[in-house]
Each structure stands twice: as structure tokens, then as C-alpha cells.
Amino acid sequence: MDQQLDLVYQDNLKLSRLEYQAGHLFLRSQPRFLGLVLGNACNIYCPHCYQSKNNDNLLKPPELARELRREFSAFYPYLANLGVQGGEALAYSGFQDLLDDVALAASRPILEVTTNATLLDEAWAERIVRLPFRNLTVSIDGGTPATYARLRQGADLPQVLANIGRVQRWKEKLGSEYPHLTSFYVVMRSNFREIPRYLELMHEAGVPEVAFQTMEANHHNTSREPSLVQDEAIASEAEIRELHALLVGVMPSARRAFRQIRTSGFTSLFETCGLDHSFLHEAGEGLYPNSEDLVSVDSPPEHLCPNPWTTMFVAENGDVHLCFLAEPVGNLYDMPLAAIWNSPNAMAKRSRMISGRYTESGCNPLWCGWRDGKKMPEPAGGIAPLREEMKGLLARAAKLAPLVQIGGEPSPVGAVRRKIAEAERSARELGVMFQQLCETNQAIHERGQQYIDHLQRELAELRK
């Protein structure tokens, strides 16, 4: 069974690459990366957190959670990574059940978790290494304890670094290369000058990969923090140039010290001041999960963003995205996750991106507006060889037994979907009735106006 699972996984990677290179809209390959936002509850408070804080949770109620976990698990054999985050993922009781699902469905490490690491005690550290998790990403938005404590209220930087040390000790004790450790840093006005110190801390902690992203301001965090944009958005030319100079100075030595440095949002920011951004390699080393065989630092800057061919991201309210920075293409409470992957909205997004209309496709202009107008280049050597290789992969896949058996038992999620469909149908019917009422009222109004006009004409005749 393990050999069959590995063959399915490897073939899916190859098919995904071929379909991406050929610019297919309907995909026979499955996502390489599935991201799950379990909820938005958290044990600390970050003023810049872009999530709503309404306690949406994919794992509640339990009967719905079981059905959703079942849908999620159908993708596990194909995944390179299952990315899980919150809120704070380690705080959710249902996360333990999801870990058990992963252990049963995939024989290789696929799980990666983004965490604030405040709850990463000895028991969690041991389980993370023993399962093992594939990646562990720790969010750290400051290079000094004071800045960190202000941006991540309720957390302590020295303690978080000590918790990372727990994982390192368990890796050493069990002789495991997993999990791979990474760190994520949201860049703001109050912390960008601490990037050099942050890099020093990560190097000292043995974290070999880091990622930087500019801050997202939306109605969720600005409603909680009305002065957030004024306080934390890097917008003035002076600060943009200062940030640019800092990164130009620090990147050469940082790239020698770290295995990988990913960035997102800086290309658009630096273009506003006409500053060079090629040194960041954002086109090839941006936030593209599991796409190393599709894009690289040597890829042309006009290469097609791979995320909608490789990635599916589920938010805590059920919205499904083909990139965590893009608008949703569906909701898993409306239709099954597998159907959303090739839904009309998903295929339309891929089509618009191929033709260079990224913003129109729902991509975020702050991070991806620089791609607008960059059409998909023609595949080297044409698509005929790609088609032949696809035929072989599809023929082999047809001979394999289904990996996930879907039973016929009633599904609570199905009941939710039926209720939503009924509500939408009722809304459409009410809309039609309202339209008919408006048309009837308009006709009555017009006939009444005609009668008034007639009376006014008669009155005018009588006055002559």
C-alpha cells in the first residue's frame, strides 16, 4: 500500500507540472498543497492580525468536523504539504483528531503547522518530532523582546525561542531531520529596522528558512485598530527607501546564512518609488508552496504564478482560495472541496491569469499587481511532448484502485449544503417575485400616469 501511495504522489507531482506548463484550466492533478485555517481564536493578541475574531471554527460542531475531516483526508495521499494554522492551531482540541487522520492516510511527512509557539511545551515538541511534522513555521514579528511583546501581546520572545530549542533537542534525541523549521515575519513600520537582529536570532536558533511579508490591512484589523495603517503601514517614500537600503545591505550575507529566504509584497512596494527589486527574487522565491520544480530564482519574471495549479486554501469560514492572498473561488459549505478545485470560478481564475489579468482574476494588487500584463510564456519545445507524457500518467492512474472510499451514509455537511441551496433558491424566487412586483407596480404607475395625462389634456381643452 505504501508503494502505491508513493506512486500516486509522485505521479500527481509530474501531472501537476505538465498541466501547469501546458496552461490547463481543468486539472486532473490534485493540489500539492492544502492549507487549512482551523479557526480564528488565539491565545495571544496581535494588533495587525488580518483575521476576524468571531470564533469561526472548521472543527465545530463535532459532527460537521468529522465530515469535513473526511473530505480533507481524500486529498492527503496526493499532498506534498498539508498546512495547518489558526488562530493558534495548537490550542484547538480537534487538532489532535486531524493529526490522527494524517498519520493513517499518509506514510510520509506532509503536515506543516504555523504557530506562535507559545504553547509548544515538552509534550507537543515530542509529538511534533515523532509524528513527524514536515515543517514547523513560527511567526515572530520582532527582533527585540520589547517590539515582539507589543506586536504579539501575551507572548514572550525568549520563551518562544526556548520552545524552538525544545523541538531542536527532540530532533537530536530521535535522530530526525523533521520537522524542517521556518519562521515568518510580518514587516511593518515599527519592526523593519529589527530585521537584521531577527535574522541573527533565527540563525542562532538553527532555523534555516525565513519568510518576510508586508502587512495586510483589511476591515478586520483596522476596525479593531483604527490607527493601524497610520501606525504600521510602510507608505512614505523615505521609509520605503530606508527599507530598500536595509534589505540591499542585509540580503547577501543572509542568503549565505540561510537555506532559503522568501519574500512577498516588496516588489509592488518598491515599484512605487522606482526602486530595483530583482535582488529579492520574489518572482522565483515568493510564497509559492511546493513549486520548486515549477519556478525558481532563474525563472523569467513573467512566469505564470503556479498557486492556482498547486494550492487550495480553506479559511475558517469555509471560503476556499487557490492562493491565500487571493479572493475565494467557492465555499466548502456550498459544494464539496473536490468540486471547487475545478469549479467555473477556479477555471476562470486560471484563464485570466494565463492572459495576464491577475488583479481581475481576484489576486491581491498589493502583492501581485506587478504581475498584471505578464502573460504565460509558450512552453519550451511546444506542448506535444507534454501531452504524450500526460497520456502515460493518466493511463497508469486509471489502473489504480481508489485510495479513498466514500460511503453512502447521510452527511451532516450534505444537510448544510442542502439548506444553503434551499436558501439560495428561496432568495432567487423572492428576487423574481420582487422583480415581478416592481414590473407590475411600474405598469400600474405608467397606466396611472397615462390617465393623469389624459385628464390634464381634457382639462386644458375645457379651459380654452
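Analyst: A crossing counts as left-handed if the near helix is turned anticlockwise from the far one by less than a right angle, and right-handed if clockwise. Here we look at a predicted model, in which local features need pLDDT of at least 70 and side-chain atom pairs pLDDT 80 or more, while totals for chains, interfaces and linings use all residues. Residues are numbered from 1 along each chain as its sequence is written, and side-chain values use heavy atoms, leaving out hydrogens and water.

User: Why is α7 called roughly parallel to α10?

Analyst: Helix α7 (residues 195–204) and helix α10 (residues 237–257) have axes that come within 10 Å and cross at roughly 15°. That makes α7 roughly parallel to α10, because the term covers angles under 35 degrees (over 145 is roughly antiparallel, 65 to 115 roughly perpendicular, the rest oblique). The crossing of α7 and α10 is right-handed.

User: Which residues make the contact of α7 and α10?

Analyst: Contact means heavy atoms within 4.5 Å. On α7, Ile195, Pro196, Leu199 and His203 take part; on α10, the partners are Leu243, Leu246, Leu247, Val250, Ala254 and Ala257.

User: How do the residues of that contact divide into nonpolar, polar and charged?

Analyst: There are nine nonpolar, one polar and no charged residues in the contact of α7 with α10. Ala, Val, Leu, Ile, Met, Phe, Trp, Tyr, Cys and Pro count as nonpolar, Asp, Glu, Lys and Arg as charged, and the others, Gly among them, as polar, so His203 is polar.

User: What makes α4 oblique to α6?

Analyst: The angle does. The axes of helix α4 (residues 122–130) and helix α6 (residues 157–174) come within 9 Å and cross at roughly 45°. That makes α4 oblique to α6. The crossing of these helices, α4 and α6, is right-handed. Glu122, Ala125, Glu126, Val129 and Arg130 of α4 meet Arg166, Val167, Trp170, Lys171 and Leu174 of α6. By class, the contact of α4 with α6 holds five nonpolar, no polar and five charged residues.

User: Where is Pro61, and what is the omega of its peptide bond from Lys60?

Analyst: Pro61 sits in the loop between β1 (33–37) and α2 (62–73). The Lys60 to Pro61 bond is cis, with omega near -10°. The bond from Leu131 to Pro132 is also cis, again with omega near -10°, and Pro132 lies in the loop between α4 and β4 (135–139). Most peptide bonds are trans.

User: What is the phi of Asn55?

Analyst: Near 65°, a positive value in a residue other than glycine. Asn55 belongs to the loop between β1 and α2.

Terms used
Axes fitted to C-alpha atoms, helices over the stretch in contact; angles between N-to-C directions. Helix = DSSP H or I, 4+ residues; strand = E, 2+ residues; numbered from the N terminus.
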